[in-house]
Amino acid sequence: MVTVTTRITKQTRRFAYFASLLAIFSMIGFSPASAQTDAEKHALAMYRRVAGVRISLDDPKISQMASLISQGQFENAAAIPTADVNFYGITVKEFAAKMSNRELTVSAPLTDFVATVIGITRDGVDAREMLTGDFYYAGDSGQINNLPMDEVDDFLKSNAHYEAVEASNQELVDVLVRVDGQKLVGADAQSAIPHRDPAGVITSRSFMAAHAIDGTNRRLVEYSMKSFACMEITEWADTSVADVFVGRDVDRFPEGSNNRFQATCKGCHASMDSMRPAFAMVDFDTEYLKYAGVQNGVNIELRNDPDNDVVDEDEIAVDSQGVPFKFTRATDTFPEGYIVASNEWTNLATTRKHEKLFGWRSATSGVGMGDFGKMVSESKGFSACMVKRAFESVCKRGFNSDEDALKELLTTKFEQDYDFKNLFISVAARPECLGM
Amino acid sequence: MKLLKLTLLLISMMGLTACGFFDNQNKLGSGSDEVFCTDASCDTTGLSSYEAVPVETFAVLNQNQVLKSMISCTGLTNVDNATRNLYEGSKNSFSLEGEAESVGAPMWMAITSLAGEVCDDLVAQEAGQSADQRRIFSAIDFSQGPANINALQVASVTANMARSCWGRDASSKEREIINTAFFGDPADNNDDTFSGNNTQETRRAATFLCAGILASLSANQM
């Protein structure tokens with residue numbers, strides 16, 4: 001009898017434990033009562049939105065922030081949580097992650113792309129170098145034990161280095177170091193050589209792995225605009241753009257009608273294909289980025305089987321122009337189409353509509369990925385996109401349709417120094433952001 | 001059976017209150033047209049007369065934030081491997097991006113479990129410290145059984161946890177709920193209270209108090 005009673009008591013205690021917790025969830029959630037001042041409430045909200053974590057009301061930083069807020073010094077107050085390690089480990093990390101992968105999600109592992117954006121933010125590097133710089137950030141082997149550090153195996157052929165940095169559970173702000181000089185895998189597939197055309201995170205392994213794999217390298221253009229200018233291709237599609245650069249693999253008579261091409265296909269391809277040659281030397285194949293002219297080029301067009309573009313690990317499949325074979329697929333679709341013969345490109349997305357969307361301010365033609373990155377980074381579209389992303393990160397919403405003036409104000413401010421940390425501070429200081 | 005019904009009722013209440021309570025305005029990710037005025041006709045002086053309109057939004061901690069936030073607000077410095085493993089294993093149950101719409105029972109169950117582990121670690125940490133070094137359990141004597149825990153001590157833990165992880169003091173109603181949960185309902189003859197002289201029970205009692213607050217909505221709101 002005693003045994004049965006004891007068992008029942010333990011069971012009911014377990015249920016009571018859960019029931020009690022659930023009761024607290026449902027009732028405490030909407031019965032707020034506070035002894036905190038408005039300034040403290042504002043400080044707490046600002047801190048958790050910038051640092052990404054909750055903090056005690058009794059933390060001295062809150063009283064310091066509250067004092068500044070009371071004096072109207074909102075930006076000085078917002079600067080305080082940027083010293084929290086979680087600002088880099090959560091807020092900036094997620095800000096970068098959303099730009100780095102195909103799904104545009106925050107749920108992505110640490111990569112060279114993300115680490116570099118964190119480093120740029122921490123060190124106050126000009127944000128435009130995110131798309132032009134010849135450097136990257138990596139974990140410090142002096143601070144993390146047994147960190148995989150082989151340039152080829154752990155940085156270029158896999159994400160092993162960054163996975164280990166993340167698994168170390170150390171604060172990213174403390175362990176990331178800048179490494180000057182991006183690298184490529186050499187001709188022997190075992191050595192690392194200086195990158196021939198660095199473009200910041202565009203030429204990071206993770207961005208290339210996401211968008212330069214298979215396909216026709218059009219995705220690199222599409223996702224560069226999506227990630228760094230916040231433009232979906234449907235927004236910048238324009239059938240008035242000349243189709244002189246549209247590739248041979250695009251059918252001009254889909255379903256037997258040129259009208260269909262003129263009315264829809266041309267809208268995306270005319271602009272996108274004009275910039276695609278910027279990526280004419282690269283192909284992400286067998287786990288690493290190959291570069292035409294580095295790896296031994298195998299001319300697939302000389303093969304009897306044109307669909308077989310499989311090559312050895314230390315080779316790159318090319319066409320008779322020496323360009324990665326992916327630019328030459330399905331060329332019998334429209335043989336009169338544009339032939340990509342080099343990485344020289346001309347951006348045709350320069351109509352009045354495009355000028356208003358992107359705000360180009362530098363050369364809209366160039367050679368290779370570096371020039372492409374420079375064009376995007378110096379556009380007003382890039383600045384506005386970074387503002388939009390920071391705003392969504394801190395304010396947990398997008399801009400409303402009547403907030404164009406606010407967006408313009410923040411963009412202008414960002415362009416005064418192109419400093420990511422200051423951008424987050426500016427956003428968090430705005431009353432529209434926290435509702436206070 | 002009675003308690004099972006109560007549990008199911010409370011889960012339903014939580015779901016209903018979640019739907020009705022949260023403000024779904026300004027769904028994350030929506031944006032207006034990205035159009036810039038770049039020609040000479042632009043008037044930028046309008047910015048000086050721009051009037052800010054505060055907009056408050058609601059969000060919960062996302063999967064990247066939830067453990068770090070619990071660590072931050074409690075002052076936990078040593079996170080057990082079991083806690084980290086539980087977190088990694090439950091990650092997909094937490095909100096992906098913190099949207100109001102993501103709140104639901106599975107998420108709260110995962111948060112409850114994680115809060116229990118974090119509080120276990122916190123109790124272990126603070127039990128090894130002198131009272132004046134502790135952030136949360138300064139009033140608890142871990143060398144005694146839970147029979148020695150009185151209302152003042154519970155109030156102290158509640159106040160410390162509330163200010164740390166809610167960012168405010170607990171209301172009288174909230175304190176009443178916590179007291180009832182801890183000491184038991186007199187109508188049930190206080191059958192389920194923490195009692196006795198077992199020091200391990202004291203640690204369980206402390207974990208109970210901590211987890212109840214740490215797993216609540218107010219502690220997981222952004």
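The paragraphs below lead through the two domains of chain A, the contact between them, and some of the links that join distant parts of the chain.

This is a predicted model, and in it chain A is divided into domain 1, which covers residues 87–211, and domain 2, which covers residues 382–434. Taken over C-alpha atoms, the centres of domain 1 and domain 2 of chain A are separated by 25 Å. The two domains touch, with 17 residues of domain 1 of chain A and 11 residues of domain 2 of chain A taking part in the contact.

The size of an interface is often given as the accessible area lost when the parts come together. Between domain 1 and domain 2 of chain A the buried area is about 1300 Å², and carbon and sulfur atoms give 75% of it. On the side of domain 1 of chain A, the residues that lose the most area to domain 2 are Phe95(A), Ala127(A) and Arg128(A), which together account for 40% of what that side buries.

As for polar links across this contact, the count between domain 1 and domain 2 of chain A is zero salt bridges, while one residue pair is in polar contact, with both residues at pLDDT 80 or more. Two or more residues on the side of domain 1 that touches domain 2 come from each of helix H5 (85–100) and helix H6 (112–123) of chain A, and H5(A) gives the most to that side, with seven residues. Sorted by class, the side of domain 1 of chain A that touches domain 2 has 11 nonpolar, three polar and three charged residues.

Turning to the covalent links, the structure holds four disulfides over all chains. One of them joins Cys230(A) to Cys385(A), with an S to S distance of 2.0 Å, and this link is right-handed, with 70 degrees about the S-S bond. Because Cys230(A) lies in the loop between helix H11 (218–228) and helix H12 (233–236) of chain A, whereas Cys385(A) lies in helix H16 (residues 380–395) of chain A, the pair ties together parts that are 155 residues apart in sequence.

The structure also holds 29 salt bridges over all chains, including one between Arg205(A) and Glu287(A), whose closest N and O atoms are 3.4 Å apart. Arg205(A) lies in helix H10 (residues 205–211) of chain A and Glu287(A) in the loop between strand E5 (282–285) and strand E6 (288–291) of chain A, so this pair ties together parts that are 82 residues apart in sequence.

Definitions and conventions
Residues are numbered from 1 along each chain as its sequence is written. Chains are lettered from A and ligands numbered from 1 in the order in which they are written. This is a predicted model: local features need pLDDT of at least 70, side-chain atom pairs count only at pLDDT 80 or more; totals for chains, interfaces and linings use all residues. Side-chain values use heavy atoms; hydrogens and water are left out. Domain bounds come from an automatic or database domain assignment. Contact means heavy atoms within 4.5 Å. Buried area is the accessible area (1.4 Å probe) that two parts lose on being put together, summed over both. A salt bridge is a side-chain nitrogen of Lys or Arg within 4 Å of a carboxyl oxygen of Asp or Glu. A polar contact is a pair of N or O atoms within 3.5 Å; within protein, one must be able to donate a hydrogen and the other to accept it, and residues adjacent in sequence count only if both atoms are side-chain atoms. Helices (H or I, at least four residues) and strands (E, at least two) are DSSP runs, numbered from the N terminus. Ala, Val, Leu, Ile, Met, Phe, Trp, Tyr, Cys and Pro count as nonpolar, Asp, Glu, Lys and Arg as charged, and the others, Gly among them, as polar. A disulfide is a pair of cysteine sulfur atoms within 2.5 Å.
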